[in-house]
Amino acid sequence: MSNQQKTLTPRLVKKLWLVFVFLILLMGVSYIVITGYFANKYYQETTQRLNAELANHVIEEKFQSASPFLEDGSVNKALFGDLMHDMMAVNRGIEVYLLNKTGQILYSVVLDHGDNAPEQSVSLAPITSFIQNDGKDFVLGDDPRNPGEQKIFSAAQFNIDGREGYIYIVLEGVEFQLVSSNLLGQYFAKLGIRAVILTTFFTALVGLLSIWFLTKNLRLITGTIRRFQEGDLEARVENPEKSDIEVFAKSFNDMADTIVGNLDKMKSVDLLRRELIANVSHDLRTPLAVLKGYIETLQMKRDSLTENEKQEYLKITHGNVNKLSKLIDQLFEYSKLEAEQVTPIKEPFSITELSHDLIAKFKVLADQKKIDLHLENPKENSMVFADVSLVERALQNLIENALKYTPANGKVTLSIQRKDKNVEINITDTGNGIPINEQPFIFDRYKQVVNKDTKKQGYGLGLAIVKKIMDLHDTTITVLSKPREGSSFIFNLPAYQI
Ligand code: ADP
């Protein structure tokens, strides 16, 4: 259980948490900024719409009874002073300006209009656009007290006694700005604290949930790996395609299959090795014991043995030495083939010629055993594409077996026939045959048919070597046999097209 909690390392958990905190903070800040921006826009637009007619009212109500200008053409400061103070007393956020027709500021109570004061003006473009659209469009204009800043405003044009100009009212004046920025700071401070609390809470929740979800599949796989590690070789992740980490799950399953496959292979190799040692020691022991016995007799009874007896003993010794060296040769050959150390060198050659040579080689032995060994259709020359020395070895083993298991006056026939793209080679004898139930196993190593009629005549390696040679040529060998009637061994080799 304690092991299972370690599916994710504390370092990884920490990193995940940090990522979550960062993401949620980022989301929070973006949310606040976006909301703030749109809330401000919304406020500005509503305020401008609401106060669109404000400048018009000033002109309609105040300029009916009194002119904004005195007779000498200067601004009626008394009128404006009262007017502006009245208005700004009602709404402290606004600032009222009197402009001439070019946008130059003629008078305002919030600006210094002394002799040394610089002349100020505002851009007319937003004002004319506002008036043309009857104040229905959202337009920002210059703020004379904060040059460079854009504010919402209300504006209206007048023409009194031939004097043209504008009443321009900034709706978010300095007073408004002061109050608003103060409030905004407090608002953000409150929001910030709340955001931090909420962020921590959500991070904890999201982090826990994510880690739980993430590790759900990991926990399953880790558990399976642990079971496998503890020796349960059957442990596999069930339905890996349904896992969120499908590749990982599948890789583990594949890896487990490979390990189990390799273990099986190693086990079978080990079994073969033990079997080999047991067989070899047994097979070596018999001829060695015989050799030892005869050599000791020859040594001890050197003087009392007749010349004939000595010759007989030496003949037996020689026969056993031959047997031993043949077994060692076969073992060597087989182990080389099994260790895949042999690479066939394929080339075109005449299988007919090879068969003639082999028949000539075994003629003496066949004659000794009174067996008719011959090649059917000897005239027809067939070419194959294969490794000549390996094929020779296979044929040799098959002919040897045929001669070994065929009693006197029997027949061993080699036939070579072109079949489509292949050449079929058939070695048929009229020997003891092989029981049907034994036939599938005779190509296994050390497999010898136990038969009362025939004494053990080999080491069970000959057909195993033939089988390996067939594998190297990507072909198979089949046996057709009936006990007491004979056997046929048939295989194909690719024909060589001239
Ligand atoms: P061995 O060295 O014993 O001949 P092989 O691998 O060559 O080993 O053959 C395996 C077994 O197959 C033999 O022991 C024998 O019983 C059987 N066998 C092989 N060839 C023939 C054959 N031509 N006729 C009858 N039995 C055969």
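**A guided tour of the predicted model**

Begin by selecting Ile32, Gly36, Tyr187, Phe188 and Leu191: of the 28 residues that line the second largest pocket, these lie nearest its centre. Two elements each give two or more residues to this lining, namely α1 (10-50) and α5 (174-229). Colour α5 next, since the largest share of the lining, 14 residues, comes from this helix. The volume of the second largest pocket is about 790 Å³. If the lining is coloured by residue class, 18 residues appear as nonpolar, 8 as polar and 2 as charged.

Before going further, colour the chain by confidence, as this is a predicted model. The average pLDDT of the protein chain is 85, and 94% of the residues score at least 70. Residues 1-5 should be viewed with caution: pLDDT stays under 50 there, and the model has 2 contacts for this segment beyond four places in sequence.

Return now to helix α1 and select Thr47, which is placed in that helix. Is Thr47 buried or exposed? Thr47 counts as buried because its relative accessibility is 12%, below the 20% limit that defines the class. To see its surroundings, display Ile152 and Leu171; Thr47 is in contact with both, leaving aside neighbours within four places in sequence.

Zoom out to the whole protein chain, which has 10 helices and 12 strands. Its radius of gyration is 55 Å, well over the 23 Å that the globule rule gives for 498 residues, so the chain is more spread out than a compact globule. Align the view with the principal axes, along which the C-alpha atoms fill a box of roughly 170 × 60 × 40 Å. With the surface coloured by accessibility, 36% of the 498 residues count as buried. A contact map would add a further view: among contacts with a separation of 6 or more, 66% are between residues 24 or more positions apart.

For the last stop, select Lys421, in the loop between β9 (411-419) and β10 (422-429). Lys421 is exposed because its relative accessible area is 62%, where the class requires over 50%. Which residues are in contact with Lys421, leaving aside its neighbours within four places in sequence? Show Pro494 and Ala495, which are the residues in question. Finally, draw a distance from the C-alpha atom of Lys421 to that of Leu298: the two residues are 123 residues apart in sequence and 60 Å apart in space.

Notes:
Residues are numbered from 1 along each chain as its sequence is written. This is a predicted model: local features need pLDDT of at least 70, side-chain atom pairs count only at pLDDT 80 or more; totals for chains, interfaces and linings use all residues. Side-chain values use heavy atoms; hydrogens and water are left out. pLDDT is the predictor's confidence in each residue, from 0 to 100. Contact means heavy atoms within 4.5 Å. On a 1 Å grid over the protein atoms alone, a cavity is a set of points where a 1.4 Å probe fits but cannot get out, and a pocket is an open set with protein on both sides within 12 Å along at least five of seven lines; lining residues have an atom within 4 Å of a point. Grid points are joined across faces, edges and corners, and a volume is the space filled by probe spheres set on the points. Helices (H or I, at least four residues) and strands (E, at least two) are DSSP runs, numbered from the N terminus. Ala, Val, Leu, Ile, Met, Phe, Trp, Tyr, Cys and Pro count as nonpolar, Asp, Glu, Lys and Arg as charged, and the others, Gly among them, as polar. Buried means under 20% relative accessible area, exposed over 50%, partly exposed in between (1.4 Å probe, protein chains only). The radius of gyration is taken over C-alpha atoms; the globule rule is 2.2 Å times the number of residues to the power 0.38.
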